[in-house]
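Here are a few exercises to work through with the model open. Try each one yourself before reading the solution.

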Amino acid sequence: MKKYNFNAGPSMLPREVIENTAKQILDFNGSGLSLMEISHRAKDFQPVVDESVALIKELLDIPEGYSVIFLGGGASLQFMQIPANFLIKKAGYVNTGAWAKKALKEAKLFGEVVEVASSAADNYTHLPHGYAIPSDLDYLHVCTNNTIYGTELHEDLEVPVPLVGDMSSDIMSRPVDVSKYTAIYAGAQKNMAMAGVTVVIVKDDMLGKAPRELPTMIDYRTHVEKGSMFNTPPVVPIYSLLETMRWVKAQGGVKEMERRAKERAELVYGEIDRNKLFRGTVAESDRSRMSICFVMNDEYKELEKPFLDFATERGMVGIKGHRSVGGFRASCYNAQTLEGVNALVQAMKDFEALH
């Protein structure tokens, strides 16, 4: 049976990325050694890092004065590394879900932090809008896509202070004005690579200003100066990132990724809104294109598990919603296909016909 991967992350990768990475795992560049066992100092591996950085800068149109570095620890480590490097006097956080809340908690260890806005009172069913932003913030932190609750910022905010963006689950899915940001970070296992590498984009002239002595590994300058080679980087995940960036470019870049994201989302949300069994969980204007969350209408609540079983029998993988929301979640990252989306929509239609 054909499987359709809707996992929230690690998520599906383009098939050619998997196959090309697998080939290098068996024999890297004809060296007779596996990609898993080569030295990160090998002359054949430095071009992998260099091309990966160059493609990220090209695809996101990153201006001069920014560095791209590859780190371990996931986005969760960035929750503390961001304030460690950039919080001087006061930082602001927009609380739009579980990950934003965790980032806010970590930042409080480094100085004054204000919750500028929150949609927690409504169980994060919408994004905050129309809130005031203090002009004395060192930065405003936003999580641009909320995988658990299914909300997303579809464009960069216009704010009077520097931005920091957790773009773990929507980076490379739309054009971004990087010049508005002090830093952007992303666990790569949604749209960029297999799990194991975190991509961080930092504004060089904002580094080294925090009023604290930083451990070597926490200081972004360490990794900028050494080109992500201060310590052994995650070699295989970086190679899979390179293959994914090549794929994104070959497909037409982030504008094409955005077009596809809109197309997929319109198909799934269209069926959610049409189908009498289902309903969306968030305000329509804030609906995520990456993390499409929906539940059974109240009068059909008892059909939740039967539909999950029905969809699973049709080859859907990973559509069970997060326990905080329940219901279902169709993660439609860049590698998701129209075939997969149409298979899910057809399963929803067929289940409705049965009930």
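## Exercise 1: a proline in a loop

Take Pro233 in this predicted model and work out whether the residue is buried or exposed.

Solution. Start with the accessibility: Pro233 comes out at 7% relative accessibility. The cut-off for buried is under 20%, so Pro233 counts as buried. Next, place the residue: Pro233 sits in the loop between helix H5 (220–225) and helix H6 (235–251). Then look for its contacts, skipping neighbours within four places in sequence: they are His40, Phe45, Ser228 and Ile238. Finally, check the distance to Phe70: the two C-alpha atoms are 7.3 Å apart, although 163 residues separate Pro233 and Phe70 along the chain.

## Exercise 2: the strand that holds Phe70

Decide how far strand S2 (residues 66–71) is enclosed by the rest of the structure, and find where S2 stands in its sheet.

Solution. Go through S2 one face at a time. Tyr66, Val68 and Phe70 are on one side, Ser67, Ile69 and Leu71 on the other, and all of them are buried. That split fits a general pattern: in a regular strand, side chains alternate between the two faces of the sheet. With six of six residues buried, S2 is largely enclosed by the rest of the structure.

Now the pairing. S2 runs antiparallel to strand S10 (residues 198–203), and six bridges join them. Tyr66 is opposite Lys203, while Phe70 faces Val199.

Step back to the whole sheet: it is open, has seven strands and mixed pairing, and reads S2-S10-S9-S8-S5-S3-S4. S2 and strand S4 (112–118) are the edges; each has a single partner strand, so one side of each lacks a neighbour in the sheet. On average, neighbouring strands are turned by 20° against each other, direction ignored. Helix H3 (residues 74–86) packs on this sheet, touching S2, S3, S8, S9 and S10, and its direction makes about 160° with that of S9.

## Exercise 3: two helices crossing

Describe how helix H8 (residues 304–313) and helix H9 (residues 338–354) meet.

Solution. First the geometry: the axes come within 10 Å and cross at roughly 130°. That makes H8 oblique to H9, and the crossing is right-handed. Then the residues: H8 brings Pro306, Phe307 and Phe310, which meet Ala347, Met348, Asp350, Phe351 and Leu354 of H9. Last, sort them by type: seven are nonpolar, none is polar and one is charged.

Conventions:
Residues numbered from 1 in each chain as written. Predicted model: local features only at pLDDT ≥ 70, side-chain atom pairs only at ≥ 80, totals over all residues. Heavy atoms only, no water. Axes fitted to C-alpha atoms, helices over the stretch in contact; angles between N-to-C directions. Helix = DSSP H or I, 4+ residues; strand = E, 2+ residues; numbered from the N terminus. Parallel < 35°, antiparallel > 145°, perpendicular 65-115°, else oblique. Left-handed = near helix turned anticlockwise from the far one by under 90°. Contact = heavy atoms within 4.5 Å. Nonpolar A, V, L, I, M, F, W, Y, C, P; charged D, E, K, R; others polar. Buried < 20%, exposed > 50% of the residue type's maximum accessible area, 1.4 Å probe, protein only. Pairing = 2+ DSSP bridges.
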